[in-house]
Amino acid sequence: MGIDVVPVVLDGGDRRCVLLLIELRRLIATLTPGAVVHLIATDPAAPLDLPAWCHLTGHRYLGPVAGERPGERPGERPTYAVEVVAGAQPTEAGHPWRPAGAG
């Protein structure tokens, strides 16, 4: 990841992680390799599900994003970074935890 990469922000709000992954999958399909997504997610499963999904697909989980936004309490809107990787394993549109074509 280059120093000058400007992240694309996906605000998942309070949506459940499965819905976040569907949105993340859709967004990543529009981005080029090397792009970074900052996913805002308050679902307590996000710190577990995001690295697992990245492991499944081959995208790079970069972890929690340090720092808070002005006017927000610390930890109020946790943010996680994912880097788009070329040649990643596609997943099913409505089931982002299933590899595409797995039957």
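Start by selecting cysteine 17. This residue is buried, with a relative accessible area of 4%. Now add cysteine 54, which also counts as buried, at 2% relative accessibility. The model you are viewing is predicted. Are there disulfides to find, and how many? A search of the whole structure finds zero.

**Stop one: helix α2**

Stay with cysteine 54 and extend the selection to α2, residues 46-57. This helix has twelve residues. From first C-alpha to last it reaches 16 Å, close to the 16 Å expected at 1.5 Å a residue.

Colour Ala46, Leu50, Trp53, Cys54 and Thr57: these are the buried residues of α2. Look down the helix axis. The buried residues fall within an arc of 100°, so they line one face of the helix. The general rule helps here: an α-helix has 3.6 residues a turn, so residues three or four places apart point the same way. Turn to the other side of α2, where Leu48 and His55 are exposed.

What do the buried residues of α2 pack against? Their partners are α1, β2, β3 and β4. Before leaving, step just past the end of α2 to glycine 58, which takes a positive phi of about 100°.

**Stop two: the nonpolar core**

Next, select Leu24, Ile28, Leu39 and Leu50. Within the largest nonpolar core, which has 18 residues, these have the most contacts. At least two residues of this core come from each of α1 (17-28), β2, α2 and β4. The largest share, six residues, is supplied by α1.

Zoom in on leucine 39. Which residues does it touch, leaving aside neighbours within four places in sequence? Leucine 39 is in contact with Leu10, Gly12, Leu20, Leu24, Leu50, Pro78, Thr79 and Tyr80.

**Stop three: strand β4**

Follow Thr79 and Tyr80 into strand β4, residues 79-83. Is β4 enclosed or open, and why? Five of its five residues are buried, so the strand is largely enclosed by the rest of the structure. Check both faces. Thr79, Ala81 and Glu83 are buried on one side, and Tyr80 and Val82 are buried on the other.

Now show the strands that pair with β4. Strand β2, residues 36-40, runs antiparallel to β4 and is joined to it by five bridges. Select histidine 38 to see one pairing: its bridge partner in β4 is alanine 81.

Finish with strand β3, residues 60-64. This strand also pairs with β4 in the antiparallel sense, over four bridges. Pick arginine 60, and you will find glutamate 83 of β4 standing opposite.

Note on methods
Residues are numbered from 1 along each chain as its sequence is written. This is a predicted model: local features need pLDDT of at least 70, side-chain atom pairs count only at pLDDT 80 or more; totals for chains, interfaces and linings use all residues. Side-chain values use heavy atoms; hydrogens and water are left out. Buried means under 20% relative accessible area, exposed over 50%, partly exposed in between (1.4 Å probe, protein chains only). Two strands pair if DSSP finds at least two bridges between them. A disulfide is a pair of cysteine sulfur atoms within 2.5 Å. A nonpolar core is a set of buried Ala, Val, Leu, Ile, Met, Phe, Trp, Tyr and Cys residues joined through side-chain atoms within 4.5 Å. Contact means heavy atoms within 4.5 Å. The expected span of a helix is 1.5 Å times one less than its number of residues. The arc is that of the directions from the helix axis to the C-beta atoms.
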